[in-house]
Amino acid sequence: MTAGTLNTSTTRWSAASGSNRTRSLWLAGLVVLLALFVVLSVTVGTRDVAWADVVAAVGGAQDTIGRAAVALRIPRTLLALLAGGALGLAGAIMQGVTRNPLADPGILGVNMGASLAVVVGVAWFGMSSSYAYIWTAIVGAGAAAIFVYAIGSLGRGGATPLKLALAGAATSVAFASLVIAIVLPRGDIAGGIQSWQVGGVGGATYERLVPVLPFLLAGFAISLLSARKLNSLALGDELAAGLGENVAVARAVASLGAILLCGGTTAVCGPIGFLGLVVPHVCRLLVGVDHRWLLPFSTLGGACLLLAADVLGRIVARPAEIDVGIVTALIGAPFFIWIVRRQRVKDL
Amino acid sequence: MQSAAIDVVITNRRGRARRYAVVLAVLLALVAAIFAVTLSIGKTITPPAEVLRVLLGEAVPGADFSVGQLRLPRAVLSVLAGLCFGLGGVAFQVMLRNPLASPDIIGITSGAGAAAVFAIVVLSMSGPMVSVFAIVAGLGVAMLVYGLSFHNGVAGTRLILVGIGVSAMLQSVIAYILQSAPAWSLQEAMRWLTGSVNGAQLDQALPLLLALLVFGGLLVSRSRDLDALRLGDDMAAALGTRVAQTRMLVIIAAVGLIASATAATGPIAFVAFLSGPIAGRIVKNDGSLLIPSALTGAVLVLAADYIGQHLLPGRYPVGVVTGALGAPYLIYLIIRVNRIGGTL
């Protein structure tokens with residue numbers, strides 16, 4: 001990795017925004033925002049439901065259509081919370097592990113790898129249980145991550161941010177094309193095409209949510225616990241090794257956490273891109289680059305953004321809905337372009 | 001002594017010209033052969049004599065419909081779209097000196113596709129108007145990508161990454177429009193996701209042919225300048241090429257080709273991306289890549305459509321076949337580019 005291409009994290013280390021006090025204030029603000037979006041996500045939808053009915057539905061009543069509609073929104077909100085948190089955190093981990101400002105589970109092809117693995121499992125091996133989905137997605141995510149990293153680090157200079165992003169984006173395009181090739185001709189599974197092309201949280205049920213929970217929780221735990229190791233890695237491999245860190249192990253463990261999070265999320269929601277790119281960058285502006293703060297912030301921020309995107313998708317196209325994967329791409333892609341423009345680019 | 005050296009140069013040049021002519025002839029023969037096979041061998045086999053009689057406008061019972069109405073429009077549209085994609089793709093790749101800078105990766109195809117879908121679904125346009133709309137949108141996207149990647153000069157890598165970002169947004173737009181048009185059949189949706197020549201009509205071919213003649217002619221007439229651009233901007237300028245003007249013309253012509261083809265058949269996956277490098281392998285340094293690449297595009301679309309229709313267990317639209325072929329090649333190319341840092 002060349003030093004010149006990564007000017008963001010090192011300079012801001014010293015200028016980390018504010019003290020622990022301001023960070024705590026930001027944290028409180030983020031929690032309040034999250035609560036607000038949760039309330040919005042339960043109350044706002046295609047169907048207008050009176051406040052009393054919403055309260056009754058949250059209490060478990062499902063006797064009118066309005067209440068039943070709200071009851072459907074609850075698992076959806078939970079899924080958005082989990083998926084958003086997982087993707088935000090995974091993005092922060094990937095940016096830390098690869099020391100690459102362009103890293104994101106969507107851009108690096110990890111989500112599409114999970115998607116492709118599930119599609120292959122369903123189309124060719126008749127896979128149908130949700131546990132099989134999840135395992136396959138996680139294996140696919142892991143394989144894609146290793147594959148992209150291997151391609152990106154070929155040649156001189158190792159895994160520079162741009163080579164890695166290019167390898168990831170191209171792999172993602174290739175995988176997406178293979179997904180279409182496998183799914184489209186199969187009438188029996190083609191109904192779900194959209195969900196393997198564009199991620200969404202609509203149609204969430206507790207039955208789909210529960211199996212993935214242990215994987216996501218394990219992913220959250222591993223990822224959040226690797227904050228200190230990521231801080232060492234940010235100093236560069238030599239310095240980290242000098243501080244007594246086993247660099248390879250630290251990378252592998254943190255990546256495992258991110259892969260569990262991405263694979264689990266993609267198994268339930270389909271590929272959702274760009275969230276993991278935007279959230280850590282914004283959080284870094286708020287709290288600086290200390291991963292002990294950045295990781296929890298990215299988790300909360302990811303959950304906030306995904307909920308907001310989901311609510312937005314329900315509002316703007318009433319009475320239809322826009323899948324949250326479309327909304328995140330429309331928000332996130334300009335952000336991606338902005339970061340690409342800021343980078344000092346060396347031609348390949 | 002000197003004359004011997006000149007003789008060597010002359011023989012070399014003649015050899016190159018001969019090889020180039022052979023390549024062109026072989027590619028042309030290949031296009032013609034697959035075209036003929038497409039016309040005569042489908043679910044039923046029509047003897048060549050009957051195919052010829054249909055083509056000459058005679059009424060042949062039985063063959064009239066299957067050849068004249070089904071196979072001919074399909075084959076004609078495949079050839080034209082293939083030529084357009086191959087030519088437009090290689091123009092971008094040569095101009096930007098990077099095989100990854102093909103229109104289907106940097107978002108121009110998605111832009112034209114999104115515009116076409118929007119024109120058809122939301123504005124309920126049809127016919128040539130859709131093509132015009134797609135061309136304008138494609139040009140807009142090309143300018144946007146080019147402008148956004150301009151930062152102390154355009155670096156190829158930055159342009160590709162910006163293009164990928166823009167492409168992701170446009171894909172989302174296509175997905176959204178398709179999603180919100182529930183009455184659409186899967187077949188139609190498929191056309192705009194991967195490209196297909198199903199349900200081709202002969203009158204679709206006319207605007208495409210026109211675009212090919214105008215924009216293709218423009219490109220081929222500037223092929224010397226385009227080849228000079230391969231050597232780098234400074235070298236090209238030293239050789240007497242007006243770099244900025246050539247680049248602008250090439251962008252307009254290539255976008256026109258890609259967008260017209262996309263409006264007719266949808267974004268047939270990876271044809272624009274694959275044709276140039278394949279042609280490059282065949283032609284080596286013997287001459288301009290433009291025409292070989294266009295012919296390669298036609299071969300790819302014709303062959304992939306035939307494979308998708310008749311040689312596989314199910315019936316697949318052409319874009320699915322080219323997508324499955326192109327994806328591994330894209331990955332291979334990334335590996336190669338990263339390893340040796342080379343270009344086309």
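Ser131(B) is a buried residue, because 26 other C-beta atoms lie within 10 Å, and a count of 20 or more is what places a residue in that class. The model in which this environment is found is a predicted one. Ser131(B) sits in helix 5 of chain B, which covers residues 128-148, and, leaving aside residues up to four places away in sequence, Ser131(B) touches Pro207(B), Ser260(B) and Ala263(B). Ser66(B), by contrast, stands 65 residues from Ser131(B) along the chain, and the C-alpha atoms of these two serines are separated by 28 Å.

The nonpolar interior can be considered next. The largest nonpolar core holds 221 residues, and the members that touch the most others in it are Cys84(B), Ile258(B) and Leu302(B). For Ile258(B), again without residues up to four places away in sequence, the touching residues include Cys84(B) itself, together with Phe85(B), Gly88(B), Pro103(B) and Ile108(B), and also Thr109(B), Ala112(B), Gly138(B) and Ala272(B). Separate from this core is a second one of five residues, among them Val42(A), Val49(A), Val54(A) and Val70(A).

Turning to chain A as a whole, one finds 16 helices and zero strands, and 54% of its 348 residues count as buried. Of the contacts in chain A that link residues at least 6 apart in sequence, 77% join residues at least 24 apart.

Helix 10 of chain A, residues 206-225, offers a closer view of one of these elements. Its 20 residues, at 1.5 Å a residue, should span 28 Å, and the end C-alpha atoms are indeed 28 Å apart, so the expected and computed values agree. The same helix nevertheless carries a kink of about 40° at Leu213(A), shortly before the proline Pro214(A). Its buried residues are Val212(A), Phe215(A), Leu216(A), Gly219(A), Phe220(A) and Ser223(A), and what covers these buried residues includes helix 4 (65-98), helix 6 (130-152), helix 13 (247-269) and helix 15 (291-316) of chain A.

The two chains also meet each other, with 41 residues of chain B in contact with 40 residues of chain A. On the side of chain B that touches chain A, helix 6 (156-179), helix 7 (186-194) and helix 14 (318-340) of chain B each supply at least two residues, and the largest share, 15 residues, comes from helix 6 of chain B. By residue type, this side of chain B divides into 26 nonpolar, 13 polar and two charged residues.

Terms used. Residues are numbered from 1 along each chain as its sequence is written. Chains are lettered from A and ligands numbered from 1 in the order in which they are written. This is a predicted model: local features need pLDDT of at least 70, side-chain atom pairs count only at pLDDT 80 or more; totals for chains, interfaces and linings use all residues. Two residues are in contact if their C-beta atoms, placed from the backbone, lie within 7 Å. Helices (H or I, at least four residues) and strands (E, at least two) are DSSP runs, numbered from the N terminus. Ala, Val, Leu, Ile, Met, Phe, Trp, Tyr, Cys and Pro count as nonpolar, Asp, Glu, Lys and Arg as charged, and the others, Gly among them, as polar. A residue is buried if 20 or more other C-beta atoms lie within 10 Å of its own, exposed if 12 or fewer, and partly exposed in between; C-beta atoms are placed from the backbone. A nonpolar core is a set of buried Ala, Val, Leu, Ile, Met, Phe, Trp, Tyr and Cys residues joined through C-beta atoms within 7 Å. The expected span of a helix is 1.5 Å times one less than its number of residues. The bend at a residue is the angle between axes fitted to the seven residues ending there and the seven starting there.
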